[in-house]
Amino acid sequence: MRRIISLFLFIISLSLVLPISSCKKPTAKNACALDLVYDDENGIISGKAAYKFVNSSNSVLNEVLFNLYPNLFNGKNDVFLPEKKAEIFYAGETFGGIKISSVTSGGMPLAFSFSEDELLLRAATDEIFPNDEITIEIEFSTTVPKARNRLGITENVVNLADFYPTLCKLTENGFVIPEYCGIGDPFFADCADFTASLSIPSSYAAACSGSPTKTVIDGERTNYSFDLENGRYFALALSDKFNVSAIKSGDTDIYYYSAGENEGRIDEAKKCFEFYVKTFGAYPYKVFSIVETGLSDLGTEFSGMCFINEAAKPEDKQSALPHEIAHGWWG
């Protein structure tokens with residue numbers, strides 16, 4: 001009898017809890033659509049970033065914040081370690097930065113402002129209630145410095161990481177504003193679904209952290225389309241010197257890009273990749289791209305892609321590969 005009563009009470013408790021939980025509005029995901037053009041003569045990537053922003057906090061918001069990483073190079077900020085500067089700025093210290101020409105929502109202009117160091121963009125909005133969403137379009141133009149950096153024109157490759165206004169991570173305590181430093185890559189963001197269109201000179205090839213969905217050659221320009229589902233970062237690497245190797249592992253296409261011979265490192269990459277799949281579980285993206293490029297560090301990672309220092313010794317590249325590939329599972 002006691003068991004019957006207990007079971008009866010359990011069923012009643014479920015009937016009370018389940019309807020309440022099923023009525024809770026599911027939280028949607030942020031998304032970003034990029035429409036990009038690269039001007040190789042002036043080293044400028046420009047276009048529009050259209051964000052679908054979801055208020056995942058429990059607070060009512062009246063502004064949305066964006067990181068402006070390219071302005072680390074605008075001459076007002078100096079976060080690079082002195083002992084690294086000569087290596088980073090291989091052609092002498094050069095400047096770059098990002099310019100914002102408009103911020104709109106639904107075709108209507110939004111008031112916007114910058115932090116004193118110009119590393120933060122604040123877009124003023126109407127009240128955004130929890131679980132509500134808003135679309136914000138930002139037109140921008142980024143001048144890429146000559147630098148061996150995540151963002152930089154190197155001797156052989158154009159590194160395009162954090163080149164667009166990046167949505168700040170939102171927590172229960174509000175937006176997180178990162179403090180930049182000269183060591184490592186102290187950037188983080190919420191996951192989002194990315195789509196991108198990219199126009200570049202046809203002499204260039206593009207490596208991307210997303211999956212290529214369409215490529216159209218139109219004379220002197222080539223137009224690419226990419227998508228990246230549930231990624232933290234969208235990054236690109238462009239070069240007119242790329243040698244490309246490709247190999248498949250399960251459902252994932254692995255690409256290795258280098259200005260020189262990659263000496264079979266794509267086979268090493270596949271071994272690392274398959275070990276991690278077996279150890280940690282399925283890889284979350286359709287494509288994994290490895291790019292040898294100019295860097296002041298040994299390597300750096302993004303969602304679906306990593307950079308390896310092209311000037312590193314062979315044994316250092318061999319040790320960097322498993323480290324950077326592991327970031328595909330451990331960010």
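**Backbone outliers, helix α4 and salt bridges**

In this predicted model, N230 counts as partly exposed because its relative accessibility is 36%, a value that lies between the limits of 20% and 50%. N230 is found in strand β17, which comprises residues 221–231, and it has a positive phi of about 60 degrees although it is not a glycine. Most residues other than glycine have a negative phi. A positive value is also found at E118, where phi is near 65 degrees; this residue is located in the loop between β6 (112–114) and β7 (120–128), and it counts as partly exposed because its relative accessibility is 23%.

Strand β17 also contains Y224, which, at 13% relative accessibility, counts as buried. Apart from neighbours within four places in sequence, the contacts of Y224 include A196, S197, L198 and I200, together with Y204, A205, A206, K214 and T215. Of these partners, A206 is separated from Y224 by 18 residues in sequence, with a C-alpha to C-alpha distance of 8.3 Å.

Helix α4 spans residues 314–326, and because 13 residues at 1.5 Å a residue should span 18 Å, the 19 Å between its end C-alpha atoms agrees with expectation. A kink of about 25 degrees is nevertheless located at A320, shortly before the proline P322. The buried residues of the helix are K317, A320, L321, E324, I325 and A326, and the elements that cover them include the strands β20 (252–258), β21 (287–293), β22 (299–302) and β23 (305–309), as well as helix α3 (265–280).

Over the whole structure, 12 salt bridges are found. One of these involves K317 of α4, whose side chain meets that of E292 with an N to O distance of 3.0 Å; since E292 lies in strand β21 and K317 in helix α4, the pair ties together parts that are 25 residues apart in sequence. Both E292 and K317 are buried, and the two residues are linked with R265 in a network of salt bridges.

A further salt bridge joins R150 and D162, the closest N and O atoms being 2.8 Å apart. R150 lies in the loop between β8 (133–143) and β9 (151–153) and D162 in the loop between β10 (158–160) and β11 (166–167), so that parts 12 residues apart in sequence are tied together; both residues are buried. In the salt bridge of D193 with K29, the closest N and O atoms are 3.2 Å apart. This pair links distant parts of the chain, 164 residues apart, with D193 in strand β14 (residues 192–201) and K29 in the loop between α1 (2–23) and β1 (30–39). D193 counts as partly exposed at 27% relative accessibility, as does K29 at 29%.

Methods
Residues numbered from 1 in each chain as written. Predicted model: local features only at pLDDT ≥ 70, side-chain atom pairs only at ≥ 80, totals over all residues. Heavy atoms only, no water. Helix = DSSP H or I, 4+ residues; strand = E, 2+ residues; numbered from the N terminus. Expected span 1.5 Å × (residues − 1). Bend = angle between axes of the 7 residues up to and from the residue. Buried < 20%, exposed > 50% of the residue type's maximum accessible area, 1.4 Å probe, protein only. Contact = heavy atoms within 4.5 Å. Salt bridge = Lys/Arg side-chain N within 4 Å of Asp/Glu carboxyl O.
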